[in-house]
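This report deals with charged side-chain pairs and with one loop residue. The sequence and the structure come first.

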Amino acid sequence: MDANGRAKKSAALVAVGSVGWTVNDYSILVTNSRLEGEMLRLKVIAIHKGVRVDLGDGIFLYQNPPTMVPDGPILREDPESALKQIVYETVLLRARS
Amino acid sequence: MTTLTVYPDAGSGSTTCDGYMAASEHQIWANMLADSGNSSDDNDSSGVFCTTKTDQDDFWTLYRSGFTFDTSSISGGATIDSATLSLYGTAKLNELGSTPLHVASFNPSLNNDIVNADFAQLGSTTFGNIAYAAYSTSAYNDITLNASGEAAINKGGITRLGVRLGWDLDGGSFGGSWDAEKETGYSGYYADQTGTTNDPKLVVVYGEGGIAPHIHHLKMAGGL
């Protein structure tokens, strides 16, 4: 996939816009999303059991992000689910560090 | 601190890639380690990351894998706070005994194509590892890179990482219990599981560099 293809994937996730959700005691809010070159750039806030997770400046950058999620034996295009999954995983990683 | 997550490109010929390299020959362990490699693939959606197999009376295959990541968005003056390689596991075997999966340096001939000769282009210094028991076959395995691994993050360029068995990294005599037609190793998803939330990824937490202000003379009005 070339830079244009990667940028299209990032753009598909930017189109999800600001979104908030709760998963496994984490409340996560994407307050801003935009393209930065071919990358997806998000501003993220996360709360775990009433305590704000230290995410540094809260800027999450994704190079060549996924837009598909497993759905049983097949894969389906679902930018919002993919966005929530990759952000949640990043929050978990930051929370452990 | 900003958090950058990068995924390799699927296939070959783009900017980055991932895939395996293997030596598949009937030979003793020492020769297997020194082999130049005779097969590779960077189009597998899932498969072996690193493994060794035996045949009737010797070793038959040794697999290693390589991953390249576009970290060119990190400026040269940035400070790396942490780096984590995450591999989504699908299977593991320890029929020959258990040995960790190690991350090491990788110096392929190209950043966007895996070739047979890249088998011999992995370093012998560990950048981090995950134990057999800890390796998940249904989730991401997060391997925190040590200082050597952090130093391998290519600010402004392409970061290249390899994966090999602990016995392979050690480079000495075989550390397992040899048995005929058995296997020890790790498998998972490559980036050719195209654009999915199971792709290999590298997460780098970094701060942009800058010149800290120095106060040479401070005069306070009214005293002191």
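Helices (H or I, at least four residues) and strands (E, at least two) are taken as DSSP runs and numbered from the N terminus. The model is predicted.

**A loop residue in chain B**

On that numbering, Asn43(B) sits in the loop between β3 (39-41) and β4 (46-54) of chain B. Is Asn43(B) buried or exposed? Asn43(B) has a relative accessible area of 48%, and because buried means under 20% and exposed over 50%, Asn43(B) counts as partly exposed.

The side chain of Asn43(B) makes a polar contact with the side chain of Asp42(B), at 3.3 Å. When neighbours within four places in sequence are left aside, Asn43(B) is in contact with Gly11(B), Ser12(B) and Asp192(B). Asp18(B) lies 25 residues from Asn43(B) along the chain, and the C-alpha atoms of Asn43(B) and Asp18(B) are separated by 8.1 Å.

**Salt bridges**

Side chains of opposite charge can pair when their charged atoms come close. Over all chains, the count of salt bridges comes to 11. Three of the pairs are set out below, with the N to O distance for each.

| Acidic residue | Basic residue | Distance, N to O |
|---|---|---|
| Asp71(A) | Arg76(A) | 3.0 Å |
| Asp168(B) | Arg64(B) | 2.7 Å |
| Asp168(B) | Arg164(B) | 3.0 Å |

In chain A, the salt bridge joins Asp71(A) to Arg76(A). Asp71(A) is partly exposed, at 36% relative accessibility. Arg76(A) is also partly exposed, with a relative accessible area of 32%.

In chain B, Asp168(B) forms a salt bridge with Arg64(B) at 2.7 Å. This pair links distant parts of the chain, 104 residues apart: Asp168(B) belongs to helix α3 (residues 166-170) of chain B, and Arg64(B) to strand β5 (residues 59-70) of chain B. Both Asp168(B) and Arg64(B) are buried.

Asp168(B) also meets Arg164(B) in a salt bridge. Why does Asp168(B) count as buried? Its relative accessible area is 2%, and buried means under 20%, so Asp168(B) is buried. Arg164(B) has a relative accessible area of 6% and is likewise buried.

**A network**

Which residues are linked in a network of salt bridges? Arg6(A), Glu38(A) and Asp9(B) are linked in this way, and the network includes residues of chain A and of chain B.

How values were computed
Residues are numbered from 1 along each chain as its sequence is written. Chains are lettered from A and ligands numbered from 1 in the order in which they are written. This is a predicted model: local features need pLDDT of at least 70, side-chain atom pairs count only at pLDDT 80 or more; totals for chains, interfaces and linings use all residues. Side-chain values use heavy atoms; hydrogens and water are left out. Buried means under 20% relative accessible area, exposed over 50%, partly exposed in between (1.4 Å probe, protein chains only). Contact means heavy atoms within 4.5 Å. A polar contact is a pair of N or O atoms within 3.5 Å; within protein, one must be able to donate a hydrogen and the other to accept it, and residues adjacent in sequence count only if both atoms are side-chain atoms. A salt bridge is a side-chain nitrogen of Lys or Arg within 4 Å of a carboxyl oxygen of Asp or Glu.
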